[in-house]
Amino acid sequence: MKKVETSAKTVEEAIKLGLNQLNVSRNEVEIEVLSEGRHGLLGLRGEDARVCLRLIEPEYEDDIAPGNQMDASDLAQNILETLLDKMDIEAYVDILPEKMVTDEESQPSTVLNIVGEDLGILIGRKGQTLISLQQVVRLMISHQLGRFEPVVVDVNGYRQRRLSSLQTLAWRTAEQVKLRRMPFSLEPMPAYERRIIHLALAEDEEVTTQSVGFGESRKVVVVLKE
């Protein structure tokens, strides 16, 4: 914590001197009076008043600085690293240079890639834990920035590999449907993975996609266009 000690004939003068040195206002410091000073006797010089001014450090919720002091990418990285630290997970967070068009949004999103060993616990079954972690990060960013900021949370490149795998699956399935002239059902998938399939085939002129079923049994069916 930054602090200064100043002295002057009076406490008030010492405080003003300290505020000038710190270049802050009175409500931005804690003031401790070290000595109120003493008047001299018989014309002799007395003891000056002495004060200590300590700059008040802003307190941030969850040890995370407010978003207006950094851009959205740095804020997201800071939030995610703080969460990992509180979870006692040894890993670091990279901001990837290339953005990703995600399963949830059509606009490019910043990718935060968590790098470390034995991080399967952060991915979970079919990536559900990873999606939940991403949602928490997005909510915390939105709370601090006052707006929605699309970011993608990945673990050792899992999301990118899964995205590529699902897109390839969609294209191959479409070719089989065209060849056999019959609909084909994919395995049940969470909503964000079904959306990847839908987007991968959205511009195909011969096939279309439908989601059928309920809950965890919901899946995508690829069919010929009528």
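1. Terms and model. A residue is called exposed when its relative accessible area is over 50%, and buried when that area is under 20%. These words recur in the points below. The model is predicted. On the far side of helix α1 from its buried residues, K16 and N20 are exposed.

2. Overall make-up. The protein chain has six helices and ten strands. Of its 226 residues, 38% are buried. Take the contacts between residues at least 6 apart in sequence: 56% of them join residues at least 24 apart.

3. Helix α1, dimensions. This helix covers residues 11–22, twelve in number. From the first C-alpha to the last, α1 reaches 17 Å. The span expected at 1.5 Å a residue is 16 Å, and the model comes close to that. Just after α1, N23 has a positive phi of about 60°.

4. Helix α1, two sides. Which residues of α1 are buried? They are A14, I15, G18, L19 and L22. These residues lie on the same side of α1 because they cover an arc of only 140° around the axis. Their cover includes three strands: β1 (3–8), β2 (29–35) and β3 (49–55). K16 and N20 are on the other side, and both are exposed.

5. The loop ahead of α1. K9 sits between β1 and α1. Its relative accessible area is 65%, so K9 is exposed. Setting aside residues up to four places away in sequence, K9 touches D48 and A49. The C-alpha of K9 is 7.9 Å from that of E47, although 38 residues separate the two in sequence.

6. The largest nonpolar core. How many residues does this core hold? It holds 26. L80, I114, L122, V137 and I141 touch the most other members. Two or more residues come from each of α2 (72–86), β6 (108–115), α3 (120–123), α4 and β7 (151–155).

7. L122 up close. L122 is one of the residues in that core with the most member contacts. Leave out its neighbours within four places in sequence, and L122 is in contact with L84, M87, I89, I114, T129, L130, L133 and V155. Another core, of 13 residues, lies apart from the largest one. L166, A170, M189 and I197 are among its members.

8. Helix α6. This helix runs over residues 191–200. Y192, E193, R194, I196 and I197 are its buried residues. What do they pack against? Two helices, α4 (128–145) and α5 (158–180), and two strands, β9 (207–212) and β10 (219–224). I197 also belongs to the 13-residue core.

9. The three-stranded sheet. Strands pair through backbone hydrogen bonds, in either a parallel or an antiparallel sense. Here the sheet is open, with the order β8-β10-β9 and antiparallel pairing. β8 (184–185) and β9 are the edge strands, each pairing on one side only. Two bridges join β8 to β10. S185 has V221 of β10 as its bridge partner.

10. T209 on the edge strand. T209 is in β9. Its relative accessibility is 17%, so it counts as buried, the cut-off being under 20%. The side chains of T209 and H198 make a polar contact of 2.6 Å. Beyond its neighbours within four places in sequence, T209 is in contact with I197, H198, L201, V220, V221 and V222.

11. V207, also on β9. V207 lies in strand β9. Buried or exposed? V207 counts as buried because its relative accessibility is 0%. Not counting residues up to four places away in sequence, V207 touches A174, V177, K178, L201, V222, V223, L224 and K225. V207 and T173 are 34 residues apart in sequence, and their C-alpha atoms are 10.0 Å apart.

12. R159 in helix α5. R159 is located in α5. At 5% relative accessibility, R159 is counted as buried. G127 is 32 residues away from R159 along the chain, and 8.3 Å separates their C-alpha atoms.

How values were computed: Residues are numbered from 1 along each chain as its sequence is written. This is a predicted model: local features need pLDDT of at least 70, side-chain atom pairs count only at pLDDT 80 or more; totals for chains, interfaces and linings use all residues. Side-chain values use heavy atoms; hydrogens and water are left out. Buried means under 20% relative accessible area, exposed over 50%, partly exposed in between (1.4 Å probe, protein chains only). Helices (H or I, at least four residues) and strands (E, at least two) are DSSP runs, numbered from the N terminus. Contact means heavy atoms within 4.5 Å. The expected span of a helix is 1.5 Å times one less than its number of residues. The arc is that of the directions from the helix axis to the C-beta atoms. A nonpolar core is a set of buried Ala, Val, Leu, Ile, Met, Phe, Trp, Tyr and Cys residues joined through side-chain atoms within 4.5 Å. A polar contact is a pair of N or O atoms within 3.5 Å; within protein, one must be able to donate a hydrogen and the other to accept it, and residues adjacent in sequence count only if both atoms are side-chain atoms. Two strands pair if DSSP finds at least two bridges between them.
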